[in-house]
Amino acid sequence: MTVDDTGSGAGGDGRVDPHAPDNGEDPLALRLEQLILGAERRYTPFQAARSAGVSMELASRFWRAMGFADIGQAKALTEADVLALRRLAGLVEAGLLSEAMAVQVARSTGQTTARLAEWQIDSFLEGLTEPPEPGMTRTEVTYPLVELLLPELEEFLVYVWRRQLAAATGRVVQAADDEEMVDRRLAVGFADLVGFTRLTRRMEEEELGELVEAFETTAADLVAARGGRLIKTLGDEVLYAADDAGVAADIALRLVETLANDETMPELRVGMAFGTVTTRMGDVFGTTVNLASRLTSIAPRDAVLVDSAFAEELIRTGEAPVSEAEAAAAEKEGEETPSYRFALQPMWQRPVRGLGVVEPWLLTRRDGQSS
């Protein structure tokens, strides 16, 4: 909920706007809101800011950052809203966060939880609130169901958040220096479904939704299981990252292999690059990310392309030979050679828009290496 910057609505005395959204609202919606928020509506935005000891300007910035809609000066806020303002402002006053960082915290939390809430309602609660017996209304089912689910989902959310926070903190403290905490060398990969635009014209909406969900689920599971991090999903495309090029390579090939064995899935192509990446609010940016995206667009079907820096990193870490000819020669002469996991085949150099001339390498598994 965002607010206007006048601070006091029409008259500044806290009176409820007659056009406020709480007038004429569905009684069940209001009961559910009170159940979920755990408190009744008591404050206008101006009153909430004043109770929290925060300026109206700062309160507005926090609320907008969290993604809340404009409610003017309706009496729609609770004690929890006051406490949230007080906590954020307290972090700034204590010097633990700058004001800009506090706004970023509000924005990142709001964006993430908004998507989570939408997903839960769309795919979870909507199905469960279908009346189990003829004659029952959705109203009769929804309230007790939410009442039962709410504490369980809240506990689970906190558990997952703590786990993810622990993992992210571990990665930060292991960084070599302060610069590496923001600008880090990572392997970045894009995996893209081939011919997705054509599929959208042929498939029913429900079928298309199921296909996208299956792809995202498969990708998320594989990335997590092999030690990578899923950055975001874009329907027909996923973006992931890994600290180790070998881990990223294994994920890419497993994705291709898994989808190739599923006849319901389109073909896949993957592009990967290795280099300095800027991380911000859980996302990744920079030339390395752009290069991985461009390589995806030119990758053959059911194949993985990597840039020269990625290939060099696999060679440096002993995951791939300098060349297959060199590896074969060493084996022929009876020399003991490392157990390479991957093979690299140089492709034709080509210009890539915005990035100059690049040398892609085709990444495959070496013969005898299990998938």
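Is leucine 77 buried or exposed? The close-ups below come from a predicted model, and the first one takes up that residue.

**View 1. Leucine 77, a loop residue between two helices.** Leucine 77 sits in the loop that links α3 (56-65) to α4 (79-93). Its relative accessible area is 0%, and the cut-off for buried is under 20%, so leucine 77 counts as buried. For a distance to check in your viewer, try phenylalanine 46: it is 31 residues from leucine 77 in sequence, and the C-alpha to C-alpha separation is 10.0 Å.

**View 2. Strand β10 (residues 361-365) and its surroundings.** Four of the five residues in β10 are buried, so the rest of the structure largely encloses this strand. One partner is β6 (residues 303-306), which runs antiparallel to β10 and is joined to it by three bridges. To find that pairing on screen, look for valine 304, whose bridge partner in β10 is leucine 363.

**View 3. The pairing of β7 with β10.** Here strand β7 (residues 342-346) meets β10, again in the antiparallel sense, with five bridges between them. Phenylalanine 342 makes a handy landmark: its bridge partner in β10 is arginine 365.

**View 4. Helix α11 (residues 287-298) and its buried side.** This helix has 12 residues and spans 17 Å from first C-alpha to last, close to the expected 16 Å. Its buried residues are Thr288, Val289, Leu291, Ala292, Leu295 and Thr296. They take up an arc of only 160° around the axis, so they lie on the same side of α11.

Notes: Residues are numbered from 1 along each chain as its sequence is written. This is a predicted model: local features need pLDDT of at least 70, side-chain atom pairs count only at pLDDT 80 or more; totals for chains, interfaces and linings use all residues. Side-chain values use heavy atoms; hydrogens and water are left out. Buried means under 20% relative accessible area, exposed over 50%, partly exposed in between (1.4 Å probe, protein chains only). Two strands pair if DSSP finds at least two bridges between them. The expected span of a helix is 1.5 Å times one less than its number of residues. The arc is that of the directions from the helix axis to the C-beta atoms.
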